[in-house]
Amino acid sequence: MSEADIQLITQKAWEAYQNEEYETAAKAFAQAVEALSAENQSLQQAEMKNNLSVALLKAGKPEEAYQAALGTEQVFASAGDLKRQAMALANLASALEDLKRFDEALNLFNQSAALFKQISEKEMRAYVLQRISTIQLRQGKRIESLVSMDAALEEKRKLSMKDRLLRSLMGIIRRLSGMN
């Protein structure tokens, strides 16, 4: 398959994804993965597997999403691409979270957050820290959840109205609990 064919498939996949046709997007991303495998392009294939994983997750197929992204973090690590490695870890963690494998998800989200911190990707780190906070809250780890959410809000350059409200509520909770 030519590079132009692969680009066309990828474009169709993204169009389907933007139109919230996640099953269609997943099928197209899977086609691109196969085509890139035949072309022996491991980095591009790993990127496409992560796109496939996200589409599958949106389509409500977390096990397939997990399997699609599995191993891509190692491909990016080998290439020294810390940003895409962190994103792959977050994709795996998101699938694990949907599979209710919370401890494993937390582990991968924490690895992802550490990599995002290392490369100063503040917004992406904030997103991952918010996901960590949500899992911690589900597990009854209220203090840890507050700390993670506070760290997430610290990373954001611009706070939404919801974020500002949350930040002020967290300040009140910290003062009342003697954490300040």
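This passage walks through the overall make-up of the chain, its nonpolar core, and a few residues in their surroundings.

The structure is a predicted model, so local features are described only at pLDDT of at least 70 and side-chain atom pairs only at pLDDT 80 or more, while totals for chains, interfaces and linings use all residues. Residues are numbered from 1 along each chain as its sequence is written, and side-chain values rest on heavy atoms, with hydrogens and water left out.

Starting with the big picture, the chain has ten helices and zero strands. Here helices (H or I, at least four residues) and strands (E, at least two) are DSSP runs, numbered from the N terminus. The C-alpha trace spans about 65 × 35 × 30 Å along its principal axes. Of the 180 residues, 42% are buried, where buried means under 20% relative accessible area, exposed over 50%, and partly exposed in between (1.4 Å probe, protein chains only). On the outside, the chain exposes about 10,100 Å², with carbon and sulfur atoms supplying 51% of that area (Shrake-Rupley method, 1.4 Å probe; for residues, only the protein chains shown count as cover). Contacts, meaning heavy atoms within 4.5 Å, can also be sorted by how far apart the partners sit in sequence. Among those between residues at least 6 apart, 49% join residues at least 24 apart.

Now for the inside. In soluble globular proteins, nonpolar side chains tend to be buried together. The largest nonpolar core in this model holds 46 residues, and F29, L52, F109, V128 and I132 have the most contacts inside it. A nonpolar core is a set of buried Ala, Val, Leu, Ile, Met, Phe, Trp, Tyr and Cys residues joined through side-chain atoms within 4.5 Å. Several helices chip in with at least two residues each, including α1 (3-18), α3 (42-58), α7 (102-118) and α8 (122-138). The largest share, nine residues, comes from α2.

That makes α2 worth a closer look. This helix has 17 residues and reaches 24 Å from its first C-alpha to its last, close to the 24 Å expected at 1.5 Å a residue (the expected span is 1.5 Å times one less than the number of residues). Its buried residues are Y22, A25, A26, A28, F29, A32, V33, A35 and L36, and they pack against α1 and α3. An α-helix has 3.6 residues a turn, so residues three or four places apart point the same way. Not counting residues up to four places away in sequence, F29 touches A13, W14, M48, N51, L52 and A55. After α2 comes N40, whose phi is positive, near 60°.

A few other residues help to fill in the picture. T10 lies in helix α1 and is buried, with a relative accessible area of 14%. Leaving aside neighbours within four places in sequence, T10 is in contact with A32 and M48. Over in helix α7, A113 is buried too, with a relative accessible area of 4%. Beyond its neighbours within four places, A113 is in contact with R125, V128, L129 and I132. A113 and A86 are 27 residues apart in sequence and 7.3 Å apart in space, C-alpha to C-alpha. Finally, L57 sits in helix α3 and touches P62, A65, S94, A95 and D98, again not counting residues up to four places away. L57 and Q31 are 26 residues apart in sequence and 17 Å apart in space, C-alpha to C-alpha.
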